Structure formats: C-alpha cells, structure tokens
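Me: I am new to this structure and would like to learn how to read it. Please take me through its features in turn.

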Amino acid sequence: MLNYLTLIFACQLAGEAFVATTGIPVPGPVMGMVLLFAGLAIRGSIPKDLDTVSGALLSNLSLLFVPAGTGIMVHLKLLAGDGIAVSVALIVSTVATIAVTGLLMQALTVRKRRGQSDAE
Amino acid sequence: MQSDIPTDLQTVWVYLSASPLLHLTMTLAAYQAGMWIYKRGGMNPLLNPVLIAVVALVTILSVTGTSYDTFFEGAQFVHFLLGPATVALAVPLYRQFHRVRESAFAIAVSLITGSAFAAASAMGIAWALGAGQTTIISIGPKSVTAPVAMGIAESLGGLPSLTAVLVIATGILGAALGPLVLNLVGVKDWASRGFAMGTAAHGIGTARALQVNEIAGAFSGLAMGLNALATAILLPLAWSIFR
C-alpha cells in the first residue's frame, strides 16, 4: 500500500515539476492526476492497492478543506464591508451555475443516449 | 495550594498550544463532529460537515484568542493532503472513462459554458452591488479548486487568501444547495448532476457527489479538474479584454 501512496506523491511531484518548467497555467496536482490517469490507461486496469489508497484519500475529501475554510476568521473585517455583495454573488452565482451546467449537460447527453438506443 | 491549579492548567495549555498536535487534533475532531451531525441528520446537504467544522473551529480559536497562523501550523498536515487527493481522483475517473468518452461533446460545451457563467455571474453581481475591485477580482475564480483559484487571483491582482475563503464558501454552498437545485430543475442523470457539482463547487461538491453516487463522483472530479484548467486560461484572457 505504501508503494501506491508513494506513487501518488511522485505523480504530484512530477506534475509540480512539469508545471514549474513549462509555465503552463495548470496546477501541479491536476497535472499529477493527468499523469496517474495516463499510467492507468497504459496499464489497462486499476491495481487493488491503489484503489484502496485512493479510496482512503477520497472518502475524507471534504475534511481536507477545513484548514483553508477556517481562514475566514482572518477576512471577517474585509468581508463585513462587502458582506452583502459577496453573499448575494456567491449564492446566486453558485446556484445558477449548478442549474445551467446540469441542465445543459443533461440535455446534451440524454438526447444522445436516446438516439443511440433508437439506433440499436 | 489551590492557586496552583489554574497556573498548572495554563502551563499545560501554553505547552500544548505551541505544538502542532493540538490544532491537528482539533481539526480532525471538529470535522468528525460535523460528520456525526451530518449523518445523524440523514446526510441532509444543508448540514454540511465542512461548514459545521469551520464554525466550530472559528468559535474555539476566537474564544481562546488563538491566531490563524498558530492554528495552521497544526492544520497544515491536513491541508497538505489536498494535492495527493486531487491526484487520486484519476482512479474514479479511469473507472468511469467509458462514460466520459461517450459524452465528450456534451462535456466540452457544458464545461466552457459553466466555467464562463460561474466567473461572470459572480463578478457581475459583486460589481453591481458595489463591491470593491479587490473583492471583485478575488471572487472571479470562486468555483475553481483552492490552490488554482489562489494562483489565478494573485495573477489578476486579487487577494489569494481571500479567494481561498470564497472558494471554500462556494464549495459549501454548492454542496449544500446543489442537490436541492438539481432536483428543482429536474436534472436526474447522475453524470450531469456530478458534472454540475464539480464545475460550480470543485472538491467540496465532488466530496458530496462521491458520497452519493460513484458515477456522479467521477464526473464531478473530472469537471473540477477541467474547470481549473478552463478558468486558469480563460479568466486572465477575459479580464485583460473587459477591464
């Protein structure tokens, strides 16, 4: 299991190094995800232990946002000035983005799937 | 001798609060308390465990007069795992890849629309309601995963640490309200539900999606990664044209 944890860290490290040398505007971890994905595609299957390690990391994904979220205490004063504007912008924009993206994606994929099942 | 007791307690407190262990343990405990409440409430999205943990921690830190920097010395060990967790998203993504390939066109169109809509609506509303320029810039990448959003905000002249907070708030809002909104507008397809959550609410939306359905989780993780990419390229470009 430790070998796959090391592999995940190595993918991130390689991703960070790639981003630093090429200067492309992609975060290192996202590049690391692409690398690990490429590795899985070449191998053609998911090693059982890698599945276990990634499952452990992802099953507690929301915990990992708690430290950064607690940083709100530093910005309470600044946010108090723009509080209403920020709250309205966050709520309306987030809710509307979810609705727009979900509806669009569903309209585009469900139609295609229906077309496929018609053809079969 | 009675007066020794508070002094001793104070000594213990001073000792403990100087070690990263205290705030690391507090972070884990606060999150598990949040998780416990979330599960007791039937996984109601409004009882978001991150929100509960953050409120609890901010309250405790304020009451004890602890600075965020001191807290972060312990909490950074949890924060650090965000990177490896992002890499690990390759696994559910690979498992669902046949579905992703089937809907490549839908993904491309939904991603660009969602990404542009997320940034434009947030900045537009903040501007219309009279927010300052620093706030407007900092809110632009609010739907992007925290490390990338901070980088974008910095390159445009925003406040990276403010962006981090706005990003987390967006994630909590998306995870809490997203499922209700998707039910309301009639999005039943798991892939579409996940994709919408990941585009608008990055990793916190993805965490919620993973808890509910594996297909939704995979598409949410994919949307999170793609939106980080799309916003990192499109937002600086759009900002240089429109500002």
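Me: How much surface does chain B expose, and what share of it do carbon and sulfur atoms supply?

Reply: Accessible area can be divided by the kind of atom that supplies it. In this predicted model, chain B exposes about 10500 Å², and 69% of that area comes from carbon and sulfur atoms. Of the 243 residues in chain B, 54% count as buried.

Me: Which residues form a nonpolar patch on the surface?

Reply: A patch is read by its members and their joint area. Here A:Ile84, A:Val88, A:Ile91, A:Val92 and B:Leu129 make up a nonpolar patch with about 430 Å² of accessible area together. One of these members, A:Val88, belongs to helix 6 (residues 83-119) of chain A. A:Val88 is partly exposed because its relative accessible area, 32%, falls between the limits of 20% for buried and 50% for exposed.

Me: Which residues touch the most other members of the largest nonpolar core?

Reply: A core is read through the contacts among its members. The largest one has 61 residues, and A:Ile8, A:Leu36, B:Val50, B:Phe195 and B:Phe219 touch the most other members. Leaving aside residues up to four places away in sequence, B:Phe195 touches residues including A:Thr101, A:Met105, B:Ile107 and B:Phe219. Apart from the largest core lies another of 30 residues, among them A:Val86, B:Ile125, B:Ala131 and B:Ile152.

Me: How many helices and strands does chain B have?

Reply: Secondary structure is read by counting its elements. Chain B has 13 helices and zero strands.

Me: Where in chain A is confidence lowest, and where is it highest?

Reply: Confidence is read by region. The mean pLDDT is lowest in helix 5 (residues 76-81) of chain A, at 80, and highest in helix 1 (residues 2-22) of chain A, at 94.

How values were computed
Residues are numbered from 1 along each chain as its sequence is written. Chains are lettered from A and ligands numbered from 1 in the order in which they are written. This is a predicted model: local features need pLDDT of at least 70, side-chain atom pairs count only at pLDDT 80 or more; totals for chains, interfaces and linings use all residues. Side-chain values use heavy atoms; hydrogens and water are left out. Patches are made of residues with over 30% relative accessible area and no salt bridge: like charges are joined within 9 Å, nonpolar side chains (Val, Leu, Ile, Met, Phe, Trp, Tyr) within 5 Å. Accessible areas come from the Shrake-Rupley method with a 1.4 Å probe; for residues, only the protein chains shown count as cover. A salt bridge is a side-chain nitrogen of Lys or Arg within 4 Å of a carboxyl oxygen of Asp or Glu. Helices (H or I, at least four residues) and strands (E, at least two) are DSSP runs, numbered from the N terminus. Buried means under 20% relative accessible area, exposed over 50%, partly exposed in between (1.4 Å probe, protein chains only). A nonpolar core is a set of buried Ala, Val, Leu, Ile, Met, Phe, Trp, Tyr and Cys residues joined through side-chain atoms within 4.5 Å. Contact means heavy atoms within 4.5 Å. pLDDT is the predictor's confidence in each residue, from 0 to 100.
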